[in-house]
Amino acid sequence: EVGGHGDTTAPLALAVYGALSVVTLGIAFARGQSPVETDAWMAELPAWARHLASIAGGVVLATATIAATRLFVERWGWAKMLHADLRPAVQDAGDGTILVLGLASGVAEELFFRGLLTPTLGLVVSSIAFGGLHQLRGRVGWIWAAWATVMGLLFGALFLATGSLLGPIVAHVAINVMNLRFLRDTDVEPKKRRRLGGLLGDA
């Protein structure tokens, strides 16, 4: 739990995600596989151009996703419920904790799910695994897993198109940091329904 314990959460996140990154890099190097590059759909472009295209795509993807998150939370009940369910985990986190969580999880998860699993298992399977990692108990846990699966498909498609993991890392980290701050700073607890037309007050 992050709330009230930001001083311990950041080191724990670094330890967990750092270990995942080390294991991922070790497996990739043992296989003679680059952890940040793969065969690209844009194979005709030089490597530097593909890296730039990846970063540009990551910026666009992050900007669109961050904007969509706020729009969904403003307009849709399911997004409000998901926001309310996730918020307690970060509502007391400091900026430093959020930055560490966003960086560590974004880098480690991209190295593992995109850099390692996508070339090995394919885009769809690696994205489903990514969604499964985000499965939560509760009212809308399946929506969170579905959202993560879609994001995994987008991150993975950008990786395969450009052959560069730089863009997915940029997008993932930016989305994590900005949306964790939005989650912490925005209280959108859905209104409780009234029973019997409100005669008995709030349920």
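These are my notebook entries on the helices, their packing and the buried residues of this predicted model.

**Ground rules.** I worked with a predicted model, in which local features need pLDDT of at least 70 and side-chain atom pairs count only at pLDDT 80 or more, while totals for chains, interfaces and linings use all residues. Residues are numbered from 1 along each chain as its sequence is written, and side-chain values use heavy atoms, with hydrogens and water left out.

**Entry 1, the overall make-up.** I looked up the elements first and found seven helices and zero strands in the chain, where helices (H or I, at least four residues) and strands (E, at least two) are DSSP runs numbered from the N terminus. Of the 203 residues, 42% count as buried, a word I use for under 20% relative accessible area, with exposed meaning over 50% and partly exposed in between (1.4 Å probe, protein chains only). I then turned to contacts, meaning heavy atoms within 4.5 Å, and noted that among those in the chain with a separation of 6 or more, 79% join residues 24 or more positions apart.

**Entry 2, the cores.** Which residues have the most contacts inside the largest nonpolar core? I found Leu-82, Val-90, Ile-98, Leu-165, Leu-180 and Leu-183, in a core of 17 residues; such a core is a set of buried Ala, Val, Leu, Ile, Met, Phe, Trp, Tyr and Cys residues joined through side-chain atoms within 4.5 Å. At least two residues of this core come from each of α3 (77-86), α4 (95-121), α6 (141-162) and α7 (166-185), and the largest share, five residues, is supplied by α7. I followed Leu-180 further and saw that, leaving aside its neighbours within four places in sequence, Leu-180 is in contact with Val-90, Ile-98, Leu-101, Gly-102 and Ile-175. Apart from the largest core lies another, of seven residues, including Leu-61, Ala-62, Ala-171 and Ile-175.

**Entry 3, α2 beside α7.** I next looked up pairs of packed helices, beginning with α2 and α7, which pack at an angle of about 25 degrees with their axes 7 Å apart; axes are lines fitted to C-alpha atoms, for helices over the stretch in contact, and angles run from 0 to 180 degrees between N-to-C directions. That makes α2 roughly parallel to α7, since angles under 35 degrees count as roughly parallel, over 145 as roughly antiparallel, 65 to 115 as roughly perpendicular and the rest as oblique. Among the residues that meet are Leu-61, Ala-62 and Thr-65 in α2 and Ala-171, Ile-175 and Phe-182 in α7. By class, I noted 14 nonpolar, seven polar and one charged residues in the contact of α2 with α7, where Ala, Val, Leu, Ile, Met, Phe, Trp, Tyr, Cys and Pro count as nonpolar, Asp, Glu, Lys and Arg as charged, and the others, Gly among them, as polar.

**Entry 4, α2 beside α6.** How are α2 and α6 oriented, roughly parallel or roughly antiparallel? Their axes come within 9 Å and cross at roughly 160 degrees, and α2 and α6 are therefore roughly antiparallel to each other. The contact includes Arg-50, Leu-61 and Phe-72 of α2 and Trp-147, Met-151 and Phe-155 of α6, and its residues divide into eight nonpolar, six polar and one charged.

**Entry 5, α5 beside α6.** Helix α5 (residues 123-133) packs with α6 at an angle of about 140 degrees, with their axes 7 Å apart, and the two are therefore oblique to each other. Leu-123, Ile-128 and Phe-130 are among the residues of α5 that meet α6, whose side includes Ala-148, Gly-152 and Leu-160. I counted nine nonpolar, five polar and no charged residues in the contact of α5 with α6.

**Entry 6, a look at α3.** In α3, I found Ala-79, Leu-82, His-83, Ala-84 and Leu-86 buried, and what covers the buried residues of this helix includes α2 (47-75), α6 and α7. Ala-84 counts as buried because its relative accessibility is 11%, and its C-alpha lies 9.4 Å from that of Thr-186, although the two are 102 residues apart in sequence. Lys-80, also placed in helix α3, counts as partly exposed at 23% relative accessibility. The C-alpha atoms of Lys-80 and Val-188 are separated by 6.1 Å, with their positions 108 residues apart along the chain.
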